[in-house]
Amino acid sequence: MRAKISYVITAAVLVFYFVLVGSRGVMLIQSGTPLTVTFGAAVLILPLIGLWFLWKNTQFVRRANALAAELDAEGGLPVDELRRTPSGRIDRDSADEVFARRKAETESAPDDWRSWFRLAVAYHDARDTPRARKAMQRAIALHDGRTAGT
């Protein structure tokens with residue numbers, strides 16, 4: 001729940017920032033000189049890119065959470081079996097062991113979104129966020145009946 005609250009607060013702050021920057025872009029365009037119109041147009045592009053990025057990330061999070069809920073209903077969520085250091089961080093060797101099992105599971109069932117979801121969690125636990133995201137995207141695509149990358 002804490003992560004959801006943080007996400008909503010961050011998204012709200014970003015939207016406020018996009019509105020603020022967008023209004024400055026409009027003000028520059030209204031000045032009417034060629035230079036300020038050019039800068040104003042450039043400034044308006046930044047909030048549009050930011051809104052697109054925020055929208056895509058929000059869609060990704062919602063889809064990943066929907067898969068987690070479905071997997072939880074099936075009783076297939078990965079169990080947290082990782083050892084932790086006294087400070088609470090995940091033990092690297094423990095994460096590597098679980099990752100090896102998840103990778104083998106995914107290699108034996110490459111078209112199963114559930115195995116890709118569990119692999120994404122293992123990547124995340126191993127602190128490999130880019131690969132975790134790619135694996136989750138693959139799980140979402142397989143769940144939706146698409147091939148990865150479409």
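Reader: Why is Arg 114 called partly exposed?

Author: Arg 114 has a relative accessible area of 26%, and since buried means under 20% and exposed over 50%, with partly exposed in between (1.4 Å probe, protein chains only), Arg 114 counts as partly exposed. This is a predicted model, in which local features need pLDDT of at least 70 and side-chain atom pairs count only at pLDDT 80 or more, while totals for chains, interfaces and linings use all residues. Residues are numbered from 1 along each chain as its sequence is written, and side-chain values use heavy atoms, with hydrogens and water left out.

Reader: What makes the contact of Asp 112 and Arg 114 a salt bridge?

Author: A salt bridge is a side-chain nitrogen of Lys or Arg within 4 Å of a carboxyl oxygen of Asp or Glu, and the side chains of Asp 112 and Arg 114 meet at 3.3 Å, N to O, so the pair fits the definition.

Reader: How do you know that Arg 102 is buried?

Author: The relative accessible area of Arg 102 is 12%, which lies under the cut-off for buried. Arg 102 also forms a salt bridge with Glu 105, their closest N and O atoms being 3.5 Å apart.

Reader: What do Glu 81 and Arg 102 tie together?

Author: Their side chains meet in a salt bridge of 3.7 Å, N to O. Glu 81 lies in the loop between α2 and α3 (92-108) and Arg 102 in helix α3, so the pair ties together parts that are 21 residues apart in sequence; helices here are DSSP runs (H or I, at least four residues), numbered from the N terminus.

Notes
Helices (H or I, at least four residues) and strands (E, at least two) are DSSP runs, numbered from the N terminus.
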